[in-house]
Amino acid sequence: MSESSGPPVEPTRIVIAEDEAIIRLDLKESLEDEGYVVVGETGRGDEAVSLVRSLRPDVVILDIKMPGVDGIEAAREINAERLAAVLLLTAFSQRDLIQQASEAGALAYLVKPFQRSELVPAIELALGRFRELRAVEGEAAELQERLETRKLIDRAKGKLMDEQGMTEGDAYRFLQQRAMQQRSTMRDVAEAVVDDWSEAVVDDRSD
């Protein structure tokens with residue numbers, strides 16, 4: 001038997017929300033046969049949202065028509081909190097709802113009755129899109145953080161130049177040196193300067 005390279009891959013965890021018990025059971029069996037782990041199931045939309053919040057699955061499969069709240073509203077709530085990838089189940093007569101579902105955060109859909117061979121591609125599509133979305137949001141947040149840090153450092157430099165008579169280069173080097181001495185970040189030192197703690201910081205800059 002060949003040795004496995006790298007850590008074992010965790011199976012994809014799924015919550016099913018389908019109000020027809022027979023379909024729900026068949027879907028669960030199909031998923032488990034394909035190697036997925038069904039961590040929760042319900043026939044109500046409101047319970048689906050609660051299950052996803054508590055169990056944190058990778059994917060939630062939502063039927064559109066359910067008591068409590070419908071699949072579109074459940075998808076909207078789950079997507080707003082970025083809790084899981086949403087795969088929607090729809091009937092032929094509900095194709096007009098697919099656009100609404102997409103706007104609510106559904107990342108893939110299956111039209112009932114679907115073939116088992118369609119299940120895995122739909123799940124993997126939803127997962128892939130969800131990961132891409134999270135990655136883009138992470139990059140945007142990091143970019144915003146960098147921008148805010150740069151603005152804060154610029155404000156601190158300006159204050160040091162105005163109040164301490166430093167040149168821009170001296171002010172930048174001062175922030176750098178204080179960050180190293182305090183084992184802190186330039187953002188923290190800049191924030192201290194901007195928040196009027198500069199006297200105590202600047203008084204011992206010759207240390």
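Start by selecting Asp63 and Lys112 and showing their side chains: the two make a polar contact at 3.0 Å. Keep in mind as you go that this is a predicted model. Asp63 belongs to strand E3, which covers residues 59-63. Is Asp63 buried or exposed? With a relative accessibility of 3%, Asp63 counts as buried, because the cut-off for that is under 20%.

Now show what surrounds Asp63. Setting aside residues within four places in sequence, Asp63 is in contact with Ala17, Glu18 and Asp19, with Gly71 and Leu89, and with Lys112, the partner you already have on screen.

Keep Lys112 displayed and add Ile23. Ile23 sits in helix H1, residues 21-33. Which residues does Ile23 touch, once those up to four places away in sequence are left out? They are Glu18 and Lys112. Both names also turn up in the list of contacts of Asp63. If you draw a C-alpha to C-alpha distance from Ile23 to Lys112, you get 9.8 Å, for a pair 89 residues apart in sequence. Ile23 is partly exposed, since its relative accessible area comes to 24%.

Next stop: helices H2 and H3. Select residues 45-55 for H2 and 71-80 for H3; their axes come within 9 Å of each other and cross at roughly 20 degrees. That angle makes H2 roughly parallel to H3, because anything under 35 degrees counts that way. The crossing of H2 and H3 is right-handed. To see who does the touching, show Gly45, Val49, Val52 and Arg53 on the H2 side, then Ala74, Glu77 and Ile78 on the H3 side. Colour the residues of this contact by type and you should find four nonpolar, two charged and one polar.

Stay on H3 and pick Ile72, which is found in this helix. Ile72 has 7% relative accessibility, so it counts as buried. Add Leu88 as well: the C-alpha atoms of Ile72 and Leu88 are 8.3 Å apart, while the two residues are separated by 16 positions in sequence.

From H3, move along to the loop between H3 and strand E4 (85-91), where you will find Arg82. What is the phi of Arg82? Arg82 has a positive value, about 50 degrees, although it is not a glycine. Arg82 is partly exposed, given a relative accessible area of 23%.

For a second case, jump to Arg183, in the loop between helix H6 (168-181) and helix H7 (186-203). Here too phi is positive, near 50 degrees, in a residue other than glycine. Is Arg183 buried or exposed? Its relative accessible area is 78%, so Arg183 is exposed.

Finally, zoom out, switch to cartoon and colour by secondary structure. How many helices and strands does the chain have? There are seven helices and five strands. Trace the chain from the N terminus and the elements run β-α-β-α-β-α-β-α-β-α-α-α. Colouring by accessibility instead, you will see that buried residues make up 40% of the 207 in the chain. One last thing to try is a contact map: of the contacts with a separation of 6 or more, 59% are between residues 24 or more positions apart.

How values were computed:
Residues numbered from 1 in each chain as written. Predicted model: local features only at pLDDT ≥ 70, side-chain atom pairs only at ≥ 80, totals over all residues. Heavy atoms only, no water. Helix = DSSP H or I, 4+ residues; strand = E, 2+ residues; numbered from the N terminus. Buried < 20%, exposed > 50% of the residue type's maximum accessible area, 1.4 Å probe, protein only. Polar contact = N/O pair within 3.5 Å; in protein donor to acceptor, adjacent residues only side chain to side chain. Contact = heavy atoms within 4.5 Å. Axes fitted to C-alpha atoms, helices over the stretch in contact; angles between N-to-C directions. Parallel < 35°, antiparallel > 145°, perpendicular 65-115°, else oblique. Left-handed = near helix turned anticlockwise from the far one by under 90°. Nonpolar A, V, L, I, M, F, W, Y, C, P; charged D, E, K, R; others polar.
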